[in-house]
Amino acid sequence: MKISDFIFRYQAHRESVHDSICRVRIFHADRVVALLTDLGERNTGSSVANSIESLRRHLIEAGHISDDARVIEHYESTHLSEATFARVSEVHGLPHWEKMSFAEVTAMLGCLDAELNRHTLDDVRLAAQIEKLRVQIDPYIDRPYQESIAVLNRRNEILRHRVPVEQLRTVITNGATELEMHRLIAQDLSLIAELYARPEEEYIAFSQFPVDSGFVDFALFSGRTQMDVTLVEVKGTDFALDDARAQISSRLGYIVRQYPQFRADGASHPRARRTGASRLQLIPRTAAAAAGRCGAGYQCELCGDRRPRGRWRRTAFL
């Protein structure tokens, strides 16, 4: 006969960040038996199997069971596995599990099959208890991940200064010169990032980036394990297409040959910094536009930093 059926909150381990919860059903036949059901993804802490000793101790301390009560560990069936039962006892001070069949469990508990076949979440009363305890343990447990303030501010800054794509299209349609198009894109480097950055919002973008012995109009660094480099050249209609293709191919070849150094150089620029949990989260819309030769070097338009032409200091960032 079933005596009680409730959701139990307990501290699984001393160092646990959050308390755990499980379903406890107490039956009495020839003696008291506690059926402890793991709640799977709805549990807020350690599983029943990983905290069986402390769970049993907390139940005894709370007066729900006595020290000589039998304990059965229960995992409900899923679309991938059947329900499992195991009698838990103490052997030489350590928990010992002994598998039990469905029929053995119903016989020991003295209950009908329906008692064990019905899932915990199908019981409205128990489901409400679970959700109440989950919120008490962690008020933010089901809320979406909150990005850092730095990331939110950076995204808002990008949106405030965004150049509409329609404006770029209009400029091109009106026959803008190479310099006019370059200036417009340089105002909002997210125009390039939206097309080529993967993952989205994780990139470093540059204007007039030094490659080999020259400069490329725009360079975009994205990717995680492997850095992806995208080079963009803006050319007027009077520029020979074959020459532009040869120029890009030459610079890409240089990057492939010098990949480790090139990867470190791009990441070591003063504007290439972390702003969130991701590696290159939301770096520059107007980022690190290296332009304007100054003697044997160049100067960054944003930070004013002068470096020897062609190389920034090497740091391990990516």
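Q: Which residues form one aromatic cluster with Phe 6?
A: This is a predicted model. A search of the whole structure finds six aromatic pairs. One of them joins Phe 6 and Phe 8. The cluster around Phe 6 is made up with Phe 8 and Tyr 10.

Q: How are the rings of Phe 6 and Phe 8 arranged: stacked, tilted or edge-to-face?
A: Their centres lie 6.3 Å apart, and the planes meet at 80°. Planes over 60 degrees apart count as edge-to-face. So the 80° angle between Phe 6 and Phe 8 makes the pair edge-to-face.

Q: Is Phe 6 buried or exposed?
A: The cut-off for buried is under 20% relative accessible area. Phe 8 falls in that class, and Phe 6 does too: buried.

Q: Which helices and strands each supply at least two residues of the largest nonpolar core?
A: This core has 18 residues. Ile 185, Ile 192, Tyr 203, Phe 218 and Leu 220 touch the most other members. The suppliers are helix H7 (178-187), helix H8 (190-196), strand S7 (203-211) and strand S8 (214-222).

Q: How many residues are in the second, separate core?
A: In soluble globular proteins, nonpolar side chains tend to be buried together. The second core includes Phe 8, Tyr 10, Val 48 and Leu 59. Its residue count is 17.

Q: What does Ile 192 touch, not counting residues up to four places away in sequence?
A: Ile 192 is among the members of the largest nonpolar core that touch the most others. Its contacts beyond those sequence neighbours are Ile 185, Phe 218, Leu 220 and Val 232.

Methods
Residues numbered from 1 in each chain as written. Predicted model: local features only at pLDDT ≥ 70, side-chain atom pairs only at ≥ 80, totals over all residues. Heavy atoms only, no water. Core = buried A, V, L, I, M, F, W, Y, C linked by side-chain atoms within 4.5 Å. Buried < 20%, exposed > 50% of the residue type's maximum accessible area, 1.4 Å probe, protein only. Helix = DSSP H or I, 4+ residues; strand = E, 2+ residues; numbered from the N terminus. Contact = heavy atoms within 4.5 Å. Phe/Tyr/Trp six-rings, centres within 6.5 Å; stacked < 30°, edge-to-face > 60°.
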